[in-house]
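Q: Please take a close look at one part of this model. I would like the strand at the centre of the request described first, and then its surroundings.

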Amino acid sequence: MLRRTLVALAALMLAGPAAAQPAKPLRVVMHSDLKIIDPIWTTAYIVRNHGYLIYDTLFALDGKFEPQPQMVESWTVSDDKLTWNFKLRDGLEWHDGQPVTSADVVPSIKRWTQKDVLGGLLGKSTKEMIAVDDRTFRIVLNEPFGLMLKALAKTASVPLFVMPKRVAELPISQQLADSTGSGPFIFKRDEWKPGEKVVYLRNPRYKPRAEPPSGLAGGKVAKLERIEWVSIPDSQTAISALMSGEIDMIESPAHDLLPVLEKDKNVQIVILDALGSTYVLRFNWKQPPFDDVRYRRAAMMALNQKDFMQAVIGDPRYYKECKGMFGCGTPLESTAGMRGELESRFEESRKLLKELGYDGKPIVVLQSTDLPVLTNLAPVAKTLLERGGFKVDMQSMDWQTLVARRAKKDPVDKGGWNIAMTAAAAVLLLDPVNNHYAEASGDRAQFGWPLDEEIEKLRGQFLRATDPKKQREIADKVQTRIISQGVTVPLGQFVQPMARRSYVSGNVVSPVTVFWNVEKK
């Protein structure tokens, strides 16, 4: 018996190593299902996340939110700040093995400028954009554009993903069908089943940068052979699947279910997006009473951030009060114009309403009922505003209905509204130009349609400024004006933890969920 065992072992050794077994996939429940695959055509975060897997970017924001080269090797800018020359890294390849060239980059930039707001501003400032040679492209401006590198490194809502020339030249009105990229993973379109599963494979041709990963910059080392996004819409079912090991990760577990996961020693709760998101309240400037800044001021006097954050998020580990329009923990964090604001000064609010002759007509506050991260905002607003002297009609509906309702400019009695609230990723709010809740251009602005010439003038100055000190001065002025006029009311900042099995590691701290550097052991 012993002899037969030894002979068998010797045979195995002579035969060499056993054939490699297929690597087990990383199975992830994302915050939403992937139904569109063109990351330029839509601003949906799930499509953006898909884009970061399969495409690469010219620049990327690092962990300090500073733009760093990604596909670009080097660049120069003329003394007058009008001519920019960029050189691509050597060895960049598409998934099909063809080289990435400047002829691909130029139409990619042009397609992006037709969709993204900041990209559109760059496009308007551009006199000429050409491919100089295979690895060099040039952008010549009509006037200095102080946000050039930050624009090329834009994280959301529409990042500048570089695509093959044949794809990038498609009309912006046409969704792309060709998902050939040059990023660290390859999209397996033949295995994509909307509502069920999305599959990505490691790109063996990808050439990562040498620097360590930092934010969305640095080396994108793909350590996973296969990634599967699986659809489990029910939060409790997803939690059970993670705890049983059926899946490996949940991108956005519900805050109220986190205590259940924290009791499981095989599950880790991690915070990768330290900035998180900001809640914002918007007044309808088109309809009374908030077409009058004095009524907007009265409403703001009644509000405070803590009540909102406690009701919606609950656990102080995951939220903080943040009296700033450009986020807290960001380069332009500031309390300019915020002194005495958002402290629930009910007596002052009631006094001002009395002086104004408020007739007691109820104001309509819209409530979303199907998104836990938003549901409790409206009840808190109703309570605070009523304590401040307003009468409130809180009207409840699902999120998609609310989005359609808040787009209406009709009078309140004909389906309009007075106050609506939402959440926005803090990385979208970093400066007066990127922050669409800082815009006050009237009908072109976000819902509520604030109109203020001074704010728009300051935003234009910020766009042209190239000195960081000057940019900060302008940003403080914009924030002060926003608060004084009631353009947007920040209600606090919160983070969304991720949950993963303990054998998963390496997730990059970033405002976007990415999968390079991730390992499953």
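The request and a connected answer follow.

Q: How many residues of strand β15 are buried, and which strands do bridges join to β15?

A: The model is predicted. Start with β15 itself.

Strand β15 covers residues 277-283, and 7 of its 7 residues are buried. In a regular strand, side chains alternate between the two faces of the sheet. Both faces of β15 are covered. On one side sit Ser277, Tyr279, Leu281 and Phe283. On the other sit Thr278, Val280 and Arg282. Arg282 is thus listed among the buried residues, charged side chain included.

Next, the partners. Strands of a sheet pair through backbone hydrogen bonds, either parallel or antiparallel. Strand β19 (residues 419-425) runs antiparallel to β15, and 7 bridges join the two. Within that pairing, Arg282 stands opposite Ala420 of β19. Strand β20 (residues 489-494) is also joined to β15, by 5 bridges, and runs antiparallel to it. Here Leu281 has Val489 of β20 as its bridge partner.

One loop residue leads back to this strand. Cys322 lies in the loop between β16 (319-320) and α11 (346-356). Its C-alpha atom is 8.5 Å from that of Thr278, although the two residues are 44 apart along the chain. Thr278 is one of the buried residues of β15. Cys322 has a relative accessibility of 2%, so it counts as buried under the 20% cut-off. Leaving out residues up to four places away in sequence, Cys322 touches Gln305, Gly327, Cys328, Pro490, Gly492 and Gln493. Pro490, Gly492 and Gln493 fall within the residue range of β20. Cys322 therefore contacts a strand that is itself bridged to β15.

The same loop holds a backbone feature. Ser344 also lies between β16 and α11. Phi of Ser344 is near 50 degrees, a positive value in a residue other than glycine. Most residues other than glycine have a negative phi, and most peptide bonds are trans. Ser344 has a relative accessible area of 16%, so it is buried.

The loop that follows β15 departs from the trans rule. A cis peptide bond joins Pro288 and Pro289, with omega about 5 degrees. Pro289 is placed in the loop between β15 and α9 (293-302).

The loop after β19 has its own case. Trp449 lies between β19 and α15 (453-464). Its phi is near 50 degrees, again positive in a residue other than glycine. Trp449 counts as buried because its relative accessibility is 7%.

Now a helix pair. Gln305, touched by Cys322, is at the start of helix α10 (residues 305-312). Two packed helices are described by the angle between their axes and the distance between the axes. Helix α10 packs with helix α13 (residues 377-387) at an angle of about 145 degrees, their axes 9 Å apart. The crossing is right-handed. From α10, Asp307, Phe308, Ala311 and Val312 take part; from α13, Leu377, Val380, Ala381 and Leu384 meet them. By class, this contact has 7 nonpolar, no polar and 1 charged residues.

For context, turn to another sheet. This open sheet has 4 strands in the order β5-β6-β8-β7, with antiparallel pairing. Its edge strands are β5 (72-77) and β7 (126-133), each pairing on one side only. The twist averages 15 degrees from one strand to the next. β7 pairs with strand β8 (residues 136-141) in the antiparallel sense over 6 bridges. Glu128 stands opposite Val140 of β8.

Two helices meet this sheet. Helix α3 lies across β6 (83-88), β7 and β8, at about 160 degrees to β7. Helix α4 (residues 117-125) packs on the sheet too, touching β7 and β8, with its direction at about 90 degrees to that of β7. In α3, 10 of the 12 residues are buried. Among them are Val105, Val106, Ile109 and Trp112. At 1.5 Å a residue, the 12 residues of α3 (102-113) should span 16 Å, and the end C-alpha atoms are 17 Å apart, which agrees.

Technical notes. Residues numbered from 1 in each chain as written. Predicted model: local features only at pLDDT ≥ 70, side-chain atom pairs only at ≥ 80, totals over all residues. Heavy atoms only, no water. Expected span 1.5 Å × (residues − 1). Buried < 20%, exposed > 50% of the residue type's maximum accessible area, 1.4 Å probe, protein only. Axes fitted to C-alpha atoms, helices over the stretch in contact; angles between N-to-C directions. Left-handed = near helix turned anticlockwise from the far one by under 90°. Contact = heavy atoms within 4.5 Å. Pairing = 2+ DSSP bridges.
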